[in-house]
Structure formats: C-alpha cells, structure tokens
Amino acid sequence: MEITPENNNSPVEEKPPVDEHHSVDDVEWMTRKHLPMIADLEESACEVFQWTIPDWGALDKRVTGPEFEIGGYKWRILVYPQGNNVNDQVAVYLDSAEPRDKLDPNWHACAQFALMMSNPNDPTVYMFNVATHRFTAEENDWGFTRFYDLRKLEQPFDHRGVPLMENGQTVITAYVRIYKDPTGVLWHNFNNYDSKAMTGYVGLKNQGATCYMNSLLQSLFFTNYFRKAVFDIPTEDDEPSSSIALALQRVFYQLATSSNSVGTTELTRSFGWNSLDSFMQHDVQEFNRVLQDNLEGKMKRTEAEGAIQRLFVGKIKSYIKCINVDYESSPVENFYDVQLNVKGCKTLRDSFATYVAVETLDGENKYQAEGYGLQDARKGVIFESMPPVLHLQLKRYEYDMERDAMVKINDRHEFPLEIDLAEFISEGEEKDKAGPDGFVYSLHGVLVHSGDLHSGHYFALLKPERDGNWYRFDDDRVTQVTLKEVLDENYGGGESLENLANMPLAMRQLNRHKRFTNAYMLVYIRNNSMDEVLKPLTKDDIPQHLQRRLDDERAALENRRKERDESLLYFNCRVISDADFKAHGGVDLYNPALPTAGKTLKVRRQDTFATFRQVVAESYGVPEEQLRLWTLVKRQNDTFRTDVAIPDSDLKSTMEHIKEKHGTRTQPDLKLYIEFPDKTTKAVNGKASWFQSDNQNDEMMIFIKYYDPFTSTLEGVGSLRVFKHAKVSDILGQLTEKKGFPANTPLKLFEEIKPTMIEPMKMKSTFAQSEIQGGDIIVFQKDLTPKELGEIQQQNLRALIPQHYDYIFNRVMVEFKPKSEQDYSNTATAASPQTYSIELSKKSTYDEVAAKLAEKLETDPLHIQFTAASPQNGAPKSAIKRSTNMLLYEMLTSGYVHPGSAPNILYYEKLSISIVELESKRLIKVTWLGPTLKDETTHELLLLKTGVMSEVVDAMLTKITLAPVGSQRLRTFSVANGKLIKEYGPTDLVSLIPVMTNLYLEEIPVDEYEQLQDPALLLKCFHFQGDVGRMHGIPFNIVLKEGEPFSETKTRIRARLGMNDKDFAKVKFVLSSPSEGLTAVDDDDVLSEKHVSPNDQLGLDYVDKSGRSYRAGVEKAIFIKG
C-alpha cells in the first residue's frame, strides 16, 4: 500500500531548478519532465487532475478527494493530513475508486503517476513525488507515507519565500499515465500468481539447482513430435523410480494436465541421482546429449524407434580439397546439435559463416594427399542436410589457455526470428529437393543463462504454438513475454565492467543483470516441418496405463487429504492396562515406542468423556463402574507415570477438553492407564464403592516390579495402594505373597526413578520420607545369600537390580552384515554369509563383540574385521581398527547419526589371517590394464606398510598373465581426474602412496617401449568431454610414425582404447598446445609433420559414460543410469 521516496526507484525531486520555474498547470512540461514515457511500453491514457483544498485544518484524519476518470478507470486522491503512522509527515496516495465489491479478482491497472502539492496562488511553487504501480483489488492505493514534512507546510519552500500552504489552502495535483499490459504481468508482485490460469501452462519445480534441466525439459515438452515419441515407449510394467522413460512420460503428462507446477524428483531418481546431484548445475548440451542417447536406446524395437534421428539429426561433411590436383577427402558425419562461436561474431549468420569458413592449406601447412604428396588445399565443413528441429549451442563458455580456466563469453550476439540457412547447405540432390524455402527456420525457443561461470540461473523462452505467444518458463512460474524480452534482452553485451563502476546504483544493477544474462541455446524449427513437429497430441496419444496410474495417485492423495482433515476431528488415545505392565520387561510402565503396547482408540474430539468411557468399558469387557482411567504424563526425566484419575465431574466434558486439561501438550495423542478394582472390594452401606479417592487417608497407587537374578528377567507384578506415612517395610508381606515366597523371605527394594537412577530404599523410612508419590515404581528382588551371589557371578549374570537396569539402558540390537560375499569360501556348496542380529551392551569391548559374532560364524574372533556403517545411507564406510579399549558404542557412533537413521549396523569380514597381522599391512587396490584400456581388472593387495613398489609389481605378477609377444616391461602409475599424477619407480615406498589414489599397472606396448630412448616421437593422449577442463579416463601414449596420416593413427588409437566402431565414430580429436591453444585434427593430417612439442597433447573429446569426468572447480560429469 505504501512506499516512501527513499525506497521508490523512480526519480524524486523536491525542488525544481532555481534558474527556471514552471507551473504545475503546464501539462506538457510537467509530463515531459516528471512523467516521461517508459521505454518499450505503450500508453493508453495520460491526464491530469487537480484538487483544491480550501481549509486544511478542517480535514479529517483520513480524507479522499473527488473521483476522476483516466484511461477508463476511476481514481481519487487519498490524504492523511496528520500523517499515516508517521505523525510529522503528510501522507498522500493515488487511490483506485473502482467499487470494491464489483471488482474481478484479476482486475488491474498499470499506472505511472506524479503527486504534487503547490501553493494555491503561485503554482510554480510545488513539490512532487513519482511512482509506478500495478493497482489491484488487494493493492488499490499506492503513494507516499512521507510525502512532505507536516511542520514545513506553511514555511517558505525555497528562496522565493512562498510556502506550499497559504491560509490553510493548498492544491494537490495528480498526473496519471496508464500503460497497456500486453503480457498481463507488468509490475506484478507475483503473490498468489496462478501460471495455469494466466497462461494455460505450468512450470517445473526446482529441486535445488535443476533450473538448467527444467529449461530443457520444457523445450522438449513443447516439441510435440518428441513428446509423442516418448509416450510411444512401452512402460506399462516399469517403475518410475527406475525407468527414465516412464518418469519422463509422467512429467510430460502432468505438464499437460496439472493445474500446479510439476515435480521432477522421480525423474532425477530414475537417473540414479541423489539429493547432492540435484544441487549441482550442469551443461545443458551435455545433459541433452546424455538424455537423448539414453532415450534412443529405450526407443529401439518400439513404435518410437528412429524418432530422435528424424527430429534432431542432420549431416555435415568435413572436406579437404586439393587446389592443383583432383583429390578430395570428404567424410560425412551425423550431428545432433551445432556449436557456434559467439566471440567475434555479431549475429547468428556470422556464426554460421565462421563455422563453414574455408581454410587454405599452403606453404609450410600443405596437405599430404595420398598419391600426390604435399599439395595446396582448401579445408572446411559444409552441411549436407539439416534436421527439422535445429538445436544451436552458443559457445558462451570457452577454455582460456592463459588463465587455465573456463570463462563465460558475454559479448552481444544477435539472432533472428527467422533465418534461411540454404547458403550453408552443400549443393546437390538434397538441396534441390528441398526447394528455395526448404531451409527456412523459425525461432521456437531461447534457453537463457543469467550469471557467471560458477553460478547463475537458467530459464526458457518458448513459443508453444506456431502462431501463438511467447512465454517465459522460469522453474515453477510461467509468464507471457514480449518479443523484446525474447530477443533484445538476451543478445548479451551491455556496458563494460569499467563503465558499470561509474554508474548510479540502480542503473549499475540493471546493466550488470543485462551484461550477464544471455542466450546459450537456440531452438529453431524448419518452417515446412513445423505443422508436423508441433502437431497437438490427442488423448489417444497418451498411454492408458499412465493416465490410470496418475488418476490412482490423485485418488490416494485425496484420501490422504481427507485423513488430514479428519485428524482435525479425531485424535488417538492409547490405553495401558495392568496386563500391559506385567508383560513389559523393561523400564517404565510400558514401551512408548512399541505400537502394540496397550490399545489405541480413535477418539472424536467432541465426544464426551462419558461416551469415551463407555467405549473403553466395551473394549475391555467390564462394567463402566468397575474401571477408572488415569492420565499418563511424561515427567521431566523422560519417564511415563500415572498422574491423576479423571473424576466423574468431567463426564460431560468433551474429550478435546480432557486432552487439553490432562494430556501432555507435546504429545499428539492422549495416554491413559486403566485401573480395575481388587476382586475383594466389597460394597459399603449397601452401595457399591469400587474405588477410593487418593486424598482419603493419604493413600496412593504405586507400581511393583520383580527382578529374578537367576534368569535376568524383570517383570511387572501389578499395583499397590499404600499410605504415604506407612513404612516401606509394611509392604514386604504383600510382595512375598504376590510372588508366592515364604513369609520371612528377605527382600531388597529399589525405586526406579529413571533407567540410570535406581536408588535403594530404606525399610524403616516412610514412603513420604523416601519421596515416593503416586505412580512411582518400586522394584524388588530376593536378598541373595553369599552362595547364591557366587553362583550368579560365576555364570556372569547380573546379581543386583541396578546392574540389570544398567544393562537394559545400554543394551542394543546390532545387525552384523557381511561386507561382501567374496573370500568366504571357494566351495560351491558353502553357504553365503548371513546377517546376524545380536543383543549386546553398548559397553561391550571390541574383543567381546568379536567373540559374540565369532560364536555365530564358528571362527576365531581375531579373524574378523569390522567396518562402520555410513550414518547417511547405512553403506559400508571404513574399517574399524582393533583396540582392546574400544567399546561398542564407539564402534557404532563413529560419525554424526542423523535423526531417523538406523545406526546399529556393523559390517563384518572373515579374514584368512589374524587382524593383528592385517593391521600391520596396507590394502592397496591396483587396476591391471590389459591389451586395451577397456580391459580393466582391479586387484586388492595386502602388503607391509614398509614395503616398496617392486613388491606391488611382484604381487600383481601372481594374479595376471603377460602377453607372450609383449614387451615384458611393466609401468605403475597413478591417475586423478583424468590426469597422470605420477609414474612410480621400484624403490618408491608403499607408505607414500595417498590413500585414495587410483593406481594402475600396465605392460608397456612394444612400439612405445622401443621408442622410450627417443621420447620426442611419443605423444601424450588424454580424454575429455566438451572442454579440455573436463577430463576423464586413463591417459596413454601413442608413437608418432613418420608420414602416417591421422586416419591410420586413429586405427591404432581405437585398438588401444578397445572401442567399438559406433562409439569411436563420435570421438573428436584436438591437438592441445600451451602456445597455440586447441587445433582440430583431421584424418588427412600427419602428426609427425606438425612440429609437435614435448608439452603438446592429443585430446579425445567424447561423452564419458562412466560418469566420472571432472571439470576443475565447476562440476562433475553428468550421468544418467536408468
């Protein structure tokens, strides 16, 4: 409702320039000066209204002026003469005068306005404030709480000595300009914004950093041909958490039918991602390629087979043509998208021209043509065909060799609504068949990134229908946008960083946003294919099982909603009886964590206590008068005890009142104890009196437990009624009678205060002196003779009640799970390792735990090794080093335990050697590389920590077989993030190898071994994905052979990698040089003639399907497993 001049973004001036004075009545000057047109907006009306106030002092605290109409809307000026919550400031607002009760909820008016106060006799003396606002039914007035200082109204305004108010009179003028709102969201605050109602579309929820994924999914969703192909994948028997096709079908179906934004959690779960993966941003092009590659596999042998190829795949020819002889090399490849330069290109057409630019190979760079020797040649690429849907990746991210880092390119780069790409298509049958307009494309989508390399936000601008509007899909919000928002605002560019520093704050923020917000992916659809690509889907195109599943889920969701609503009318009441107490062998009256303890009754909040008691009586099969209900409360020491008996005076009270009066506020349910009378109770004076008030004769109810040290069992005996001032010894006879002991059997009594506080009771003290109160628990046992005590200690049993309670408090059920099913037995008949649940004490030592498990495994305790479980997911974490002083609770809580996790898990492994010997050694994992890098086998070696690398090689030689015609020379090296870290010599110490190192052993290839004396002819090779900062795989070397064309070198590389032809065809090669940057390598290049320096490397660019690639400082490689 209110803004102040301080926080208003519009310019605010309280005094006109000294050198010229204009009247508030000068409409043209005032409008031009104080209410200039806002760029790119269209005005529907601009008018002025004046309100003369004859007597300021006679105004009420809140007053509105006469109604006036501008732009078809009714307005008035709202004034608080004495201030609106700010007493010394006049408050003035522009107020909508539209009838509130007749306004449409979506009614709005977008106004730019200036409110002025001027002297009634000299209108050149004035002050003003300006603002813009979207007037709605909820925000129907807007203006200035601190319009002007109340104390200065009648003081001279400036050097002319004239005040704004004279003799109580002043004039308030409103200049109002109404703007059209073509998108419906001009100056919208988006409170309670409904995307579906406003646009007909819904967005996708952001899981943390999945906006990049959301923008691409929306683009694919509105590529209707693709959406139908996804629906054509058979998924009826799939589960969405493990089937990408089904999860994507669900997302697409919900985007089409839901009224609210759609979640993608199931989709990312089907990818095999965890919550951390959802908080990592990835490259959209990479995500698109990995997703489509996965879906292509799912579409095989289905109706959808070939859909992705037909939709997104074109053909491109790379050629080298000799100038002086008739020789040309021109392989043709498929492409799914085109990566275009931004740097150095002003427009999209410039980028295409650069892409197909011809390079002349001459001078020292002549081409080695087969059969013709070195020749002048022209080298380039040209498109053979283009797909119906063209994905253009603008290279906004580039690797800066000098910085050794990726940087974002924010240069201005313009792209059109329509572009004819025929000039970039090779002449031939394909082009002739397409005709003169066969390669005209229209813009369908712009995917935008706002931010820098390391952070930012992604959104999509899409045109769902051929002749429809453009919309911004920004995660869960969808809004209509103008063409300027689609084009101009995403070209990039903006002011330089140096100029930004000299700008005012508001302009700096606007230009900074503009500078870092730009398009990074464009989606164009070929005009002659648009009707087919955007053909609307029908109900028959959607799998019936998908509709059925989601309808069932909606019904289940509705049932849960009803249950939540019902929970407002009902609550649960748990009733504990003597039978539950007697069956409970632990601390307290019962186990609150055990759902089966007692009876749980569903209670209607508005039912009376009398109705509830009748239900309880029927449930237990006793007359109402023969039961009494006590409240069970949680004391400060976290124990549950009876508190008070609910009196008959509460029979007419509602159960909601009973719960509030007697229940525990922190507990959602009500807990009660049901008391049944002693069978010997008789009627008094002819009237049945089953229960006595505890206030009579200071009598109270306590609970009794008995402990048998010979069986280590604790049992509930029942309740007793005792007098506060009676001695503790007075109940000994009743206790011996209840257990059937001889009358003079000596007993020991303890009070159970809490599990860790079991106090002995003095027989001569009264219950009051012992601080016993109603609901307390007394535990007794026989007073053991020295002989009995010795027998119990000999059997390692717990002789006294406090010892047993200490065990109860510390006992824990531990699940011992096999760490793996290997190394247990080499026989086919041996049973697989089992999971054992063993009850132990948290105070058990490491050796005691091992001994207990060894009994189950029938093995030596020293031949067991334990591994802790991860607190996050329960998976094996790290081996626990044996220590005789370590206790079980230390083994279980080796890290922070998250609430709700199951920490009582230990993994075990049977060892062939003693753990004492094992811990003097070190386990090293070494991966043996076979004839190809694809042939990996990992072996675990147990070596002395004081050993050297030659011992690693000797141990591996017992597990591997060398090729008979190989070099017989081995090399040991380590790799991290696709980089060679170190080659190890035979005397390097094992102890110096970092713990998480990936260690590799390989037989040096014969040709490489023969060339070791001349390393200049060895070229290092590495694998990367997309940019050389994102490396993966195992680096290797190749030997440069004199005069060998790269096509033959590739044959040797493919054999070294062990790749199939299909995957190897997708590999792109670049020569990476610290001095010259990246240079593409073609089949006809001869590497031996390229003056390769020792620091140059050959890069292999292809998708890492292992998901282990790494981009330094930015992100890990994306992967999709489902």
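Over which residues in the 822-831 stretch does pLDDT stay under 50, and how many contacts beyond four places in sequence does the model have there? I looked: pLDDT stays under 50 over the whole of residues 822-831, and the model has eight contacts beyond four places in sequence for them.

Note to self: this is a predicted model, so I checked confidence before anything else. The protein chain averages a pLDDT of 85, and 89% of the residues score at least 70. Residues 895-901 also have pLDDT under 50 throughout, with eight contacts beyond four places in sequence.

Next, the overall make-up. I counted 28 helices and 54 strands in the protein chain. Of its 1122 residues, 47% are buried. I then took the contacts between residues at least 6 apart in sequence: 67% of them join residues at least 24 apart. For the surface, I got about 56800 Å² accessible on the protein chain, with carbon and sulfur atoms holding 47% of that.

Then I picked one helix, H25, which covers residues 949-957. Which of its residues are buried? I found Met-949, Val-952, Val-953, Ala-955 and Met-956. Why do they sit on the same side of H25? Their arc around the axis is only 160 degrees, which puts them on the same side. The general rule I had in mind is that an α-helix has 3.6 residues a turn, so residues three or four places apart point the same way.

Last lookup: what do the buried residues of H25 pack against? My list has strands E43 (921-929), E44 (936-944), E45 (970-976), E46 (979-984) and E47 (998-1003).

Terms used: Residues are numbered from 1 along each chain as its sequence is written. This is a predicted model: local features need pLDDT of at least 70, side-chain atom pairs count only at pLDDT 80 or more; totals for chains, interfaces and linings use all residues. Side-chain values use heavy atoms; hydrogens and water are left out. pLDDT is the predictor's confidence in each residue, from 0 to 100. Contact means heavy atoms within 4.5 Å. Buried means under 20% relative accessible area, exposed over 50%, partly exposed in between (1.4 Å probe, protein chains only). Helices (H or I, at least four residues) and strands (E, at least two) are DSSP runs, numbered from the N terminus. The arc is that of the directions from the helix axis to the C-beta atoms. Accessible areas come from the Shrake-Rupley method with a 1.4 Å probe; for residues, only the protein chains shown count as cover.
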